[in-house]
Amino acid sequence: MYRDRLRETLPRVRDAIARAAAAAGRDPGEVRLVAVTKGHPVEAGLAAVEAGIADLGENRVGELEEKVARVGRERVRWHMIGHLQRRKVPTALAVSDLIHSVDSIRLAQRISRVAEEGGLGRVAVLLQVNTSGEAAKGGFAPERALEALLETAELPGLEVRGLMTMAPLTDDELVLRTTFGRLRELRDALRSRRPDVGGELSMGMTNDLPSAVAEGSTMVRIGTALFGERSEA
Ligand SMILES: *Cc1c(COP(=O)(O)O)cnc(C)c1O
């Protein structure tokens, strides 16, 4: 079932990325597709791998662990994209290649410490910024983000590859572009102070992919458009 669905949906999503990139004068190869399988069975992940998708994302550590066990740790790059509790950091580090959702200094410190103590080298992370300013959303507050991000980037066990944000659920193009544009500006400000921070921008979901690509996204996290609606747990 997921295999049949992806035959239709994957070309559509790739095409949407290509069109948005072309419209912005960007190379579509700069935009990585992270397929978000949360809320779908492991068959969704297996079908995605079969279809040639190289990046899978989950928003909960437990579900990530399950999927990794069934799909294979080495078969794709695994992305942890949801809020991470500090006590789950060791597990998250074992089963993911990139954590998108480092949303506080305390969490960053924990990751750095676990990485150092475990001899894991520098762990690849993105710092999540709440550029929409919505109270319900996680991430560093945008007003003081630059200082907090600079402090976080100092931690010895982290390799900060870039930033991540989530937009409000709206079709208002101006709101979306503003939310994503803020993340790009913050990345540029951060890198002018710390050139060793990476340039990744994880932004864009099913509802707002074109706006995110227009504002410079390098990783879109797509669930619904690929796998259909999920039954929310
Ligand atoms: C669920 C989720 C997505 C994917 O959302 P869709 O709207 O289904 O594409 C992307 N990012 C995060 C952090 C998510 O939790």
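## Exercises on a predicted model

His100 sits in strand E4, which spans residues 98-102; helices (H or I, at least four residues) and strands (E, at least two) are DSSP runs, numbered from the N terminus. Before we go on: the model is predicted, local features need pLDDT of at least 70, side-chain atom pairs count only at pLDDT 80 or more, and totals for chains, interfaces and linings use all residues. Residues are numbered from 1 along each chain as its sequence is written, and side-chain values use heavy atoms, with hydrogens and water left out.

**Exercise 1. Find the side chain that His100 contacts, and place the neighbour Ile99.**

Step 1. Start with burial, where buried means under 20% relative accessible area, exposed over 50%, and partly exposed in between (1.4 Å probe, protein chains only). His100 has a relative accessible area of 0%, so it is buried.

Step 2. Look for a polar contact, which is a pair of N or O atoms within 3.5 Å; within protein, one must be able to donate a hydrogen and the other to accept it, and residues adjacent in sequence count only if both atoms are side-chain atoms. The side chain of His100 makes such a contact with the side chain of Ser202, at 2.9 Å.

Step 3. Turn to Ile99, which is also found in strand E4. Ile99 is buried, with a relative accessible area of 1%. Its C-alpha atom is 4.7 Å from that of Met80, although the two residues are 19 apart along the chain.

**Exercise 2. Search the whole structure for aromatic pairs and describe what turns up.**

Step 1. Apply the rule: rings of Phe, Tyr and Trp (its six-membered ring) pair if their centres lie within 6.5 Å; planes under 30 degrees apart count as stacked, over 60 as edge-to-face and the rest as tilted. The search finds one pair.

Step 2. The partners are Tyr2 and Phe227, with 6.3 Å centre to centre and 65 degrees between the planes, which makes the pair edge-to-face.

Step 3. Tyr2 belongs to helix H1 (residues 2-23) and Phe227 to helix H9 (residues 224-227), so the pair ties together parts that are 225 residues apart in sequence.

Step 4. Check burial: Tyr2 is buried at 10% relative accessible area, and Phe227 is buried at 0%.

**Exercise 3. Describe the surroundings of the ligand.**

Step 1. List residues with a heavy atom within 4 Å of the ligand. Among them are Lys38, Asn59, Met166, Thr206, Arg221, Thr224 and Arg230.

Step 2. Pick out short distances between a ligand oxygen atom and a side-chain N or O atom:

- Lys38: 2.6 Å
- Thr206: 2.5 Å
- Thr224: 2.6 Å

Step 3. Ask how much of the ligand is covered. On its own the ligand has 390 Å² of accessible area, and the protein covers 92% of that.

**Exercise 4. Place Lys88, Thr170 and His79, and give one C-alpha separation for each.**

Step 1. Lys88 lies in the loop between strand E3 (77-80) and helix H4 (89-95). Lys88 is partly exposed at 27% relative accessible area. From Lys88 to Glu151, 63 residues apart along the chain, the C-alpha separation is 23 Å.

Step 2. Thr170 lies in the loop between strand E6 (158-164) and helix H7 (173-193). Thr170 is partly exposed, with a relative accessible area of 22%. The C-alpha atoms of Thr170 and Ala22 are 24 Å apart, with 148 residues separating them along the chain.

Step 3. His79 is in strand E3 and counts as buried at 1% relative accessibility. The C-alpha atoms of His79 and Arg12, 67 residues apart along the chain, are separated by 22 Å.

Terms used:
A residue is near a molecule or strand if one of its heavy atoms lies within 4 Å of it. Accessible areas come from the Shrake-Rupley method with a 1.4 Å probe; for residues, only the protein chains shown count as cover.
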